[in-house]
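Subject: Handing over the structure

Hi,

Here is the structure I promised to pass on to you. Please have it open while you read the notes underneath.

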Amino acid sequence: MRILLLGGTTEASNLAAALAARGMDAVFSYAGRTAQPVAQPLPTRVGGFGGVAGLSAYIRAQGITHIIDATHPFAAQISRNALEASHNCGIPLLVLERQPWGAIQGDDWQHVPDIGGAVAALPDAPARVFLAIGKQNLAPFAAKPQHFYLLRLVDRPSALLLANATAIIARGPFDVAGDSALLQANAITHIVAKNAGGSGAEAKLVAARALGVTVILIDRPVLPPRHVVGSVTEVLAWLGHSAERGV
């Protein structure tokens with residue numbers, strides 16, 4: 001058994017630790033979106049594969065027998081490529097994915113399908129917006145320059161792309177007290193976020209609930225049917241069963 005773990009999430013890091021503790025043969029792959037990714041206890045590669053063809057070639061060259069997709073729920077392209085490459089190479093694929101967030105009493109949430117929908121959902125009157133969406137999708141918000149934008153990024157950007165914006169550099173997980181202070185200090189009226197799920201970035205939603213801040217939540221991309229589990233324990237069980245069948 002040789003595992004390709006497609007990572008970039010807390011869940012992927014937890015799984016990497018579990019695989020390493022068991023002495024399993026695995027390679028951890030980062031997309032290379034951040035300048036200093038979290039160190040892993042497994043052999044690590046950084047960067048893209050070159051589409052489905054490149055990923056399929058890598059799988060064959062490295063003798064990969066199992067793929068685990070533990071990428072961000074919005075990393076749709078690599079997830080699609082991984083599924084297709086697993087079919088091409090005739091090897092199993094499992095998805096480790098956190099549950100999406102769900103609104104509770106007191107939340108003022110507006111669901112939108114994509115980045116364009118989030119831009120359209122912002123008011124015409126000037127607002128103060130916390131853009132909690134990373135650095136890849138900032139440009140579309142330039143269509144509404146009347147707003148102030150607060151950005152929270154892992155790496156310092158070369159350019160903000162938005163005329164009226166401030167960036168703070170920080171890596172999660174974040175807590176409710178800190179995010180409440182952040183929203184209040186910047187007089188935030190709206191949050192734009194991707195429905196990533198998990199606990200590491202949920203604090204801003206809890207803070208928004210208490211402060212009456214409107215949340216524009218971008219729904220996850222629709223992906224083909226896949227075998228999805230929600231815990232490291234389930235992944236290890238899947239690998240164990242696979243190993244027994246192989247033996």
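Below is what I found, going from the whole protein to single residues.

**The whole protein**

Please keep in mind that this is a predicted model. The protein has 247 residues, and its radius of gyration is 20 Å, which agrees with the value near 18 Å that a compact globule with that number of residues would have. Along the principal axes, the C-alpha atoms fill a box of roughly 65 × 35 × 30 Å. Seven helices and 12 strands make up the list of elements.

A few totals may help you get a feel for the chain. Buried residues account for 46% of the 247 residues. The accessible surface comes to about 11,600 Å², and 54% of that belongs to carbon and sulfur atoms. Among contacts with a separation of 6 or more, 65% are between residues 24 or more positions apart.

**The six-stranded sheet**

A good place to start looking is the open sheet of six strands, which runs in the order β3-β2-β1-β4-β5-β12 with parallel pairing. Its edges are β3 (44-46) and β12 (228-229); each has a single partner strand, so one side of each is left without a neighbour in the sheet. Within this sheet, β1 (residues 3-6) and β2 (residues 26-30) pair in the parallel sense over four bridges. To find that pairing on screen, look for Leu 4, whose bridge partner in β2 is Val 27.

**Around β8**

Next, turn to strand β8, which spans residues 148-153 and has six of its six residues buried. Both of its faces are covered: Phe 148, Leu 150 and Arg 152 are buried on one side, and Tyr 149, Leu 151 and Leu 153 are buried on the other.

What does β8 pair with? Strand β7 (residues 128-132) pairs with β8 in the parallel sense over four bridges, and strand β9 (residues 165-169) pairs with β8 in the parallel sense over five bridges. Two bridge partners mark these pairings: Leu 131 is matched with Leu 151 in β8, and Leu 153 is matched with Ile 169 in β9.

Val 129 sits in β7 and is buried, with a relative accessible area of 0%. Leaving aside neighbours within four places in sequence, Val 129 is in contact with Leu 122, His 147, Phe 148, Tyr 149, Leu 150, Ile 188, His 190 and Val 192. Val 129 and Leu 151 are 22 residues apart along the chain, and their C-alpha atoms are separated by 8.7 Å.

**Rings and charges**

How many aromatic pairs does the structure hold? There are three. One of them joins Phe 141 and Tyr 149 edge-to-face, with 6.0 Å centre to centre and 65 degrees between the planes. Both rings belong to buried residues: Phe 141 has a relative accessible area of 0%, and Tyr 149 is at 1%.

Two arginines are also worth a look. Arg 128 lies over the face of Phe 148, at 4.0 Å from the ring centre. The charged end of Arg 152 sits over the ring of Phe 174, 3.5 Å from its centre.

**Some loops to visit**

The loop between β9 and α5 (176-185) contains Pro 173. The peptide bond from Gly 172 to Pro 173 is cis, with omega near 10 degrees.

Ala 187 is in the loop between α5 and β10 (190-194). Its phi is near 50 degrees, a positive value in a residue other than glycine. Is Ala 187 buried or partly exposed? With a relative accessible area of 43%, Ala 187 is partly exposed.

Finally, Arg 220 lies in the loop between β11 (214-218) and β12. Why does Arg 220 count as buried? Its relative accessible area is 18%, and buried means under 20%. Not counting residues up to four places away in sequence, Arg 220 touches Pro 73, Phe 74, Glu 97, Arg 98, Gln 99, Pro 100, Asn 195, Ala 196 and Gly 197. One of these, Asn 195, is 25 residues away from Arg 220 along the chain, and the two C-alpha atoms are separated by 6.2 Å.

Happy exploring, and best wishes!

Terms used: Residues numbered from 1 in each chain as written. Predicted model: local features only at pLDDT ≥ 70, side-chain atom pairs only at ≥ 80, totals over all residues. Heavy atoms only, no water. Phe/Tyr/Trp six-rings, centres within 6.5 Å; stacked < 30°, edge-to-face > 60°. Buried < 20%, exposed > 50% of the residue type's maximum accessible area, 1.4 Å probe, protein only. Lys NZ or Arg CZ within 6 Å of the ring centre and 35° of its normal. Pairing = 2+ DSSP bridges. Rg over C-alpha atoms; globule rule 2.2 N^0.38 Å. Contact = heavy atoms within 4.5 Å. Areas by Shrake-Rupley, 256 points an atom, 1.4 Å probe, with all protein chains shown as cover.
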